[in-house]
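Q: Please show me a protein model and teach me how to read its features one by one.

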Amino acid sequence: MVTTTTHVTAEELLNMPDDGFRYELVRGELRKMAPAGYGHGVFAMSIGISLGAYVKANNLGEVCAAETGFRLGTDPDHIRAPDTAFVRRERVEQIVDRSVFFPGAPDIAVEVISPSDLYTEVDEKVADWLDAGVVAVILVDPRRRVVKIHRSMTDVVVLNETDVLEVEEIVPGWQMPVGEIFA
């Protein structure tokens, strides 16, 4: 018996009807995700509000909310959607069509670990972001009440609630107390 895998394209994903679920396209394979829990949304938005206000006030680029798709690869199409993302102004200025997925990775991808997430899946997603060119992946772990900043799979800074989150090389001057994320 021969089995074949039908790959979904980025265009097909973009045109799917809303069925109440979120999807990512991982190397052509459609992955269905349940809507995020309340705490997940609050943690992601805490960072989004702080980062977004700073970025806007300093004209540094744009911050995107959850479900914004970034095209990390083609043939097969590879679309990931972080919980929050930042794209530098010079890259935003190159966008031709805002109705499709962003062509490439964001500069910062923020991921919040949900209670149902497996750490192997989280590691896969972090690796995907880094392989696609994300400069820093901010990983919020509510169970452990820590934030990890991945600049590579081996260059990882772990912050606890008394530390300050910052990514100076990408967003100079922005700082956020980690405790505020979990408040």
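**Reading a sheet, a helix and two loops**

Q: How many bridges join E6 to strand E8, and do these strands run parallel or antiparallel?
A: Three bridges join E6 to strand E8 (residues 108–112), and the two run antiparallel. In general, the strands of a sheet pair through backbone hydrogen bonds, either parallel or antiparallel. Two strands are said to pair if DSSP finds at least two bridges between them, while the strands (E, at least two residues) and helices (H or I, at least four residues) are themselves DSSP runs, numbered from the N terminus. Within this pairing, Thr 84 stands opposite Val 110 in E8.

Q: What should I know about the model before going on?
A: The model is predicted, so to speak of a local feature a pLDDT of at least 70 is needed, and side-chain atom pairs count only at pLDDT 80 or more, whereas totals for chains, interfaces and linings use all residues. Residues are numbered from 1 along each chain as its sequence is written, and side-chain values use heavy atoms, with hydrogens and water left out.

Q: Which strand is joined to E6 by five bridges?
A: Strand E3 (residues 61–65) is joined to E6 by five bridges, and the two run antiparallel. Along this pairing, Val 63 has Phe 86 as its bridge partner, and Cys 64 stands opposite Ala 85.

Q: Is strand E6 largely enclosed or not, and why?
A: A residue is called buried under 20% relative accessible area, exposed over 50% and partly exposed in between, using a 1.4 Å probe and protein chains only. In E6 (residues 84–88), four of the five residues are buried, so this strand is largely enclosed by the rest of the structure.

Q: In what order do the six strands of the open sheet stand?
A: The order is E3-E6-E8-E9-E10-E11, and the pairing is mixed. E3 and strand E11 (156–159) stand at the edges with a single partner strand each, so one side of each has no neighbour in the sheet. Axes are lines fitted to C-alpha atoms, for helices over the stretch in contact, and angles run from 0 to 180 degrees between N-to-C directions; neighbouring strands of this sheet are turned by 15° against each other on average, direction ignored.

Q: Which strands does H2 touch as it packs on the sheet?
A: Contact means heavy atoms within 4.5 Å. H2 touches E3, E6, E8 and E9, and its direction makes about 165° with that of E3. Helix H4 (residues 119–131) also packs on the sheet, touching E8, E9 and E10.

Q: Is His 40 buried or exposed?
A: His 40, which belongs to helix H2 (residues 38–57), is buried, with a relative accessible area of 10%. A polar contact is a pair of N or O atoms within 3.5 Å; within protein, one must be able to donate a hydrogen and the other to accept it, and residues adjacent in sequence count only if both atoms are side-chain atoms. The side chain of His 40 makes such a contact with the side chain of Asp 83, at 2.9 Å.

Q: Where is Asp 75 placed?
A: Asp 75 is in the loop between E4 and E5, two strands that pair in the antiparallel sense over three bridges. Its phi is near 55°, a positive value in a residue other than glycine, and Asp 75 is exposed, with a relative accessible area of 75%. A cis peptide bond, with omega about 5°, joins Asp 75 to Pro 76.
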